[in-house]
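Reader: I am new to protein models and would love some help with the words people use. Could we look at one together?

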Amino acid sequence: MNVLPQNTAWSVDEHQLAPNAGIEEKLRFALRYAVLAPSNHNTQPWHFIVDGDCVTLCADRMRALPVVDPFDRELIISCGAALFNLRVALSRFGLAYAITLFPSPADVDVLAHLRILRDGRCDASLTPLFDAMPRRVTTRETFADEPVPVELQLRFEEAGAAEGADIVCAGNAAIREHLATLIAEADQAQFKDPRFRRELASWIHPKRSRDGMPALSPGMRALLDLAVPLVGSVIRTFDLGGMAAAHHTLVTGSPLLLCIATGADDAAAWLAAGQALERVLLTAADEGITASYLNQPIEVAPLRDTLRAALNLDGVPQLLLRIGRGRQTPHSPRRPLAEAVS
Ligand SMILES: Cc1cc2nc3c(=O)[nH]c(=O)nc-3n(C[C@H](O)[C@H](O)[C@H](O)COP(=O)(O)O)c2cc1C
């Protein structure tokens, strides 16, 4: 079993894979890329079980976020993103595969079973995304005032469709303004809840070094300041003004907002949304474009329908992103591989 010190996760290099590596060795190596996927609060809520030329993806519900994500919707989306990275890496290593989703109806934690096909054809459409995996990062800072090309927006839509999700791009200033108001309303609702603040603070805690969100960027430090002093305190009103203003500028100043929606709202749809998310993010990263998340109106249940109407969606919104060109910010940590793979 490979045990990676936490900070080396991002320096993974395909040349470390021996040219004569067997299938199981390639599978285990590909999992180094799977764990680079994004996850809510960087919880990394996945566990992979390797058995010869098969790998089973399980949800690790010990790493759930019961307040912000009570139904494990974002947890399963995160697992979908990791599954997509695994598919990209296997395709790069010349391995074809077959995937069975939810292979054990009696065990809802088993999300997918992947089997290497020795005589199959690998998915050539995924290999160009390989180099983008270690480059992708969530960027919570302002983006350059530069439009995202329409041609790239069409590629995002194709990326989503390939994974069974709808992508709706919104660059229009009036819609961004409307969404900024919705996000502010959702922020108010979330930060009013001391359980939300406690949960958030515990994942940006400075003592975390293998998961969670380091308070490196000004945006994260501001969130920590809002959450930490209030942990454990009784509910009281407090001023979200500074954060609301910052969020408003981030939203209205982003060249593009992008919503990922699905026809259904069940575990299969969430897994598809996660794969679509990572396919969009890698397509963007490959072009030097980055993203961050504005999921608040989806997480606050009563606002989800309002968002749906605002964007005129046929399906159910699963994720809301802001997209643009930003500077390369530091990566967040990853757990040692041995913790996520057995
Ligand atoms: C389903 C999902 C929901 C997320 N929601 C948020 C969010 O609401 N706010 C945010 O700042 N980041 C959000 N993120 C981004 C994660 O915090 C980020 O992926 C994680 O900290 C790891 O960092 P990285 O993406 O730079 O590797 C979300 C990611 C996923 C996959």
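**Talking through the model**

Author: Happily! Let us start at the ligand: α2 gives the most to the shell around it, with four residues. Keep in mind that this is a predicted model.

Reader: Which elements each supply at least two residues of that shell?

Author: They are α2 (73-92) and β7 (290-293). Of the 18 residues around the ligand, those that come nearest are Pro38, Asn40, Asn42, Thr138 and Tyr293. By class, the shell has six nonpolar, ten polar and two charged residues.

Reader: How do you know that the ligand lies between domain 1 and domain 2?

Author: Look at who gives residues to the shell. Domain 1 (6-135 + 330-340) and domain 2 (150-192 + 237-324) both do, so the ligand lies between them.

Reader: What can you tell me about how domain 1 and domain 2 are placed?

Author: Their C-alpha centres lie 24 Å apart. The contact takes 20 residues from domain 1 and 18 residues from domain 2. On the side of domain 1 that touches domain 2, α2 gives the most, with ten residues. That side of domain 1 divides into 15 nonpolar, three polar and two charged residues.

Reader: Let us turn to a helix. How do you know that the span of α1 agrees with what a helix should have?

Author: We can work it out. The expected span is 1.5 Å times one less than the number of residues. Helix α1 (residues 23-34) has twelve residues, so it should span 16 Å, and its end C-alpha atoms are 16 Å apart, which agrees.

Reader: Which residues of α1 are buried, and what do they pack against?

Author: The buried residues in α1 are Lys26, Leu27, Phe29, Ala30, Leu31, Arg32, Tyr33 and Ala34. To be called buried, a residue needs 20 or more other C-beta atoms within 10 Å of its own. The buried residues of α1 pack against β1 (46-51), β2 (54-59), α2, β4 (110-117) and α11 (337-340).

Reader: And why is Glu177 called exposed?

Author: Let us set its count against the cut-off. A residue is exposed if 12 or fewer other C-beta atoms lie within 10 Å of its own. Glu177 has 12 other C-beta atoms within 10 Å, so Glu177 is exposed.

Reader: Where does Glu177 lie, and how far is Glu177 from Leu307?

Author: Glu177 lies in helix α4 (residues 173-191). In sequence, Glu177 and Leu307 are 130 residues apart, while in space they are 13 Å apart, C-alpha to C-alpha.

Conventions:
Residues numbered from 1 in each chain as written. Predicted model: local features only at pLDDT ≥ 70, side-chain atom pairs only at ≥ 80, totals over all residues. Near = placed C-beta within 6 Å. Nonpolar A, V, L, I, M, F, W, Y, C, P; charged D, E, K, R; others polar. Domains from an automatic or database assignment. Contact = placed C-beta atoms within 7 Å.
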